[in-house]
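Colleague: I would like to learn how to read a structure, one feature after another. Could we take a pocket, then a core, then the cysteines?

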Amino acid sequence: MGSENRKFTRFYYRMKSELSVNGCTHMIEELINLSIGGCLLPTSVNANTGDKCLLKIMLGDNDEAPVVLVEGKIVRIDDVTSAIVFTKIDPESLDHLHSIALYNASDPKKVEQEIKKHPGLF
């Protein structure tokens, strides 16, 4: 997908996550990029485009740390990456995701405008 079609700014985010799809859980050391609407993971999964998935992004190194828990679907898979579009998120996780985006984006003002224009995932 070209950047001109994207609703949300992509940014780098170096936290661990877990991707669950088709009964398998994949441990991810860091995301290639993240946005409020989706992410790109450095792993190829045994799935098809359109398959539902669950992504858990850890916001710290211990079990007490908050997480972003988001439902999604696979939109692209190649030999080394998997792309996910987010489809459902609880309000607390969305608040965390908004904060992550504002803190990590190269242009926080642009991200603020995107959040105001699209207050949910889409």
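**Reading a predicted model**

Modeller: Let us begin with a pocket, keeping in mind that this is a predicted model. The lining of the second largest pocket is made up, by class, of four nonpolar, two polar and four charged residues.

Colleague: How is such a space found, and which residues line the second largest pocket here?

Modeller: The general idea is that rolling a probe the size of a water molecule over the atoms shows where empty space is left. In this structure the second largest pocket holds about 160 Å³ of space, and its lining consists of Lys16, Met27, Lys56, Met58, Gly60, Asp61, Asn62, Asp63, Ala65 and Val67.

Colleague: Turning to the inside, which residues of the largest nonpolar core touch the most other members?

Modeller: In soluble globular proteins, nonpolar side chains tend to be buried together. The largest nonpolar core here has 29 residues, and those touching the most other members are Leu34, Leu41, Leu55, Ile84 and Phe86. Helix 1, residues 91–104, gives the largest share of this core, namely four residues. If we set aside the neighbours within four places in sequence, Leu55 is in contact with Ser17, Glu18, Leu19, Cys39, Leu41, Val68, Leu69, Val70 and Phe86.

Colleague: Leu19 appears among those contacts; where does Leu19 lie, and is Leu19 buried or exposed?

Modeller: Leu19 sits in strand 2, residues 17–21, and with a relative accessible area of 0% Leu19 is buried. Beyond the neighbours within four places in sequence, the contacts of Leu19 include Cys24, Leu41, Cys53, Leu55 and Ile84.

Colleague: Several cysteines have come up, so how many disulfides are there, and why is Cys39 not bonded to Cys53?

Modeller: To count as a disulfide, two cysteine sulfur atoms must lie within 2.5 Å, and by this rule the count comes to zero. For Cys24, the nearest cysteine sulfur belongs to Cys53 and is 13 Å away. The closest cysteine sulfur to that of Cys39 is also in Cys53, but the distance is 7.6 Å, which is too far for a bond. As for their surroundings, Cys24 is partly exposed at 41% relative accessibility, whereas Cys39 is buried at 2%.

Colleague: Finally, what should I notice about the phi of Asn22?

Modeller: Most residues other than glycine have a negative phi. Asn22, however, has a phi near 50°, a positive value in a residue that is not glycine. Asn22 lies in the loop between strand 2 and strand 3 (24–28), and at 47% relative accessibility Asn22 counts as partly exposed.

Terms used: Residues are numbered from 1 along each chain as its sequence is written. This is a predicted model: local features need pLDDT of at least 70, side-chain atom pairs count only at pLDDT 80 or more; totals for chains, interfaces and linings use all residues. Side-chain values use heavy atoms; hydrogens and water are left out. A nonpolar core is a set of buried Ala, Val, Leu, Ile, Met, Phe, Trp, Tyr and Cys residues joined through side-chain atoms within 4.5 Å. Buried means under 20% relative accessible area, exposed over 50%, partly exposed in between (1.4 Å probe, protein chains only). Helices (H or I, at least four residues) and strands (E, at least two) are DSSP runs, numbered from the N terminus. Contact means heavy atoms within 4.5 Å. On a 1 Å grid over the protein atoms alone, a cavity is a set of points where a 1.4 Å probe fits but cannot get out, and a pocket is an open set with protein on both sides within 12 Å along at least five of seven lines; lining residues have an atom within 4 Å of a point. Grid points are joined across faces, edges and corners, and a volume is the space filled by probe spheres set on the points. Ala, Val, Leu, Ile, Met, Phe, Trp, Tyr, Cys and Pro count as nonpolar, Asp, Glu, Lys and Arg as charged, and the others, Gly among them, as polar.
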